[in-house]
Amino acid sequence: MPCFSCGARQTDPVRGASPWKRGVRGEAQVLVCPDCQRTHDLELDTCSSCGSAALICRLGEVECRSCGAVRPAAVGEGTLPPRPSGLSKELADEVEAALNRVLGRVH
């Protein structure tokens, strides 16, 4: 999954904790790259109980990692975060190339 803000893709991790952070935007789980974390205008969803942006979304629920509050995730149109322009074609090409390598397909 790429960074929701700039579209950067994660590379193979080094040992230790990942510098990438999870967040929730528009009721959907997103990843934020280290560069975009320095930007304070990410417009991530915040906890209604404590105001923290340390949220995770899983199995139809949004949980706050700061206070532990859990609420159902809203479902409906427009709940997915915007995708950076041009990402879908680039990602599709990259996935196709990876599958061709793994499956031994030659073009």
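**Salt bridges, strand pairing and surface of the predicted model**

R71 and E27 are joined in a salt bridge, in which the closest N and O atoms lie 3.0 Å apart. Because R71 belongs to strand 5 and E27 to the loop between strand 1 and strand 2, the pair ties together parts that are 44 residues apart in sequence. The structure described here is a predicted model. A polar contact of 3.0 Å is likewise found between the side chain of E27 and the side chain of R71. The two partners fall into separate accessibility classes: E27, at 18% relative accessibility, counts as buried, whereas R71, at 26%, counts as partly exposed. The class of E27 follows from the cut-off, because buried means under 20% relative accessible area.

The protein chain that carries this pair contains 2 helices and 5 strands. Along the sequence, these elements are arranged in the pattern β-β-α-β-β-β-α. Of the 107 residues in the protein chain, 27% are buried.

The salt bridge between R71 and E27 belongs to a set of 5 in the structure. Side chains of opposite charge can pair when their charged atoms come close. A further member of the set is formed by the side chains of R25 and E43, with an N to O distance of 3.5 Å. This pair also links distant parts of the chain, since R25 is located in strand 1 and E43 in the loop between helix 1 (34-37) and strand 3, 18 residues apart. R25 is buried, with a relative accessible area of 19%, while E43 is exposed, with a value of 52%. For R25, the assignment rests on the limit of under 20% for buried residues, and for E43 on the limit of over 50% for exposed residues. Also among the salt bridges is the one between R38 and D35, whose closest N and O atoms are 2.8 Å apart. In this case both residues, R38 and D35, are exposed.

Strand pairing was examined next. Strands of a sheet pair through backbone hydrogen bonds, either parallel or antiparallel. Strand 1 (21-25) and strand 2 (28-32) are paired in the antiparallel sense over 5 bridges. Within this pairing, G23 is placed opposite V30 of strand 2. The two strands form a hairpin with 2 residues between them, and G26 in the turn adopts a positive phi of about 60°. E27, the partner of R71 in the salt bridge described above, is located in the loop between these strands.

Strands 3, 4 and 5 make up an open sheet of 3 strands, in the order 3-4-5 and with antiparallel pairing. Its edges are formed by strand 3 (55-58) and strand 5 (70-72), each of which pairs on one side only. On average, neighbouring strands of this sheet are turned by 25° against each other, direction ignored. Strand 3 and strand 4 run antiparallel and are joined by 4 bridges. L55 is positioned opposite C64 in strand 4. The hairpin of strand 3 and strand 4 has 2 residues between the strands, and L59 in this hairpin takes a positive phi near 50°. Strand 4 (residues 61-64) is in turn joined to strand 5 by 3 bridges, again with the strands running antiparallel. Here E63 has V70 of strand 5 as its bridge partner. The edge strand 5 is also the location of R71, which connects this sheet strand to E27 in the loop between strand 1 and strand 2.

Towards the start of the chain, C3 is found in the segment before strand 1. C3 is buried, with a relative accessible area of 0%. The C-alpha atom of C3 is separated by 8.6 Å from that of W20, although the two residues are 17 residues apart along the chain.

In contrast to the buried C3, L103 is exposed, with a relative accessible area of 51%. The assignment of L103 follows because exposed residues are those with over 50% relative accessible area. L103 lies in helix 2, which covers residues 87-103. Together with V95, L99 and V102, L103 makes a nonpolar surface patch of about 380 Å².

Conventions. Residues are numbered from 1 along each chain as its sequence is written. This is a predicted model: local features need pLDDT of at least 70, side-chain atom pairs count only at pLDDT 80 or more; totals for chains, interfaces and linings use all residues. Side-chain values use heavy atoms; hydrogens and water are left out. Patches are made of residues with over 30% relative accessible area and no salt bridge: like charges are joined within 9 Å, nonpolar side chains (Val, Leu, Ile, Met, Phe, Trp, Tyr) within 5 Å. Accessible areas come from the Shrake-Rupley method with a 1.4 Å probe; for residues, only the protein chains shown count as cover. A salt bridge is a side-chain nitrogen of Lys or Arg within 4 Å of a carboxyl oxygen of Asp or Glu. Buried means under 20% relative accessible area, exposed over 50%, partly exposed in between (1.4 Å probe, protein chains only). Two strands pair if DSSP finds at least two bridges between them. Axes are lines fitted to C-alpha atoms, for helices over the stretch in contact, and angles run from 0 to 180 degrees between N-to-C directions. A polar contact is a pair of N or O atoms within 3.5 Å; within protein, one must be able to donate a hydrogen and the other to accept it, and residues adjacent in sequence count only if both atoms are side-chain atoms.
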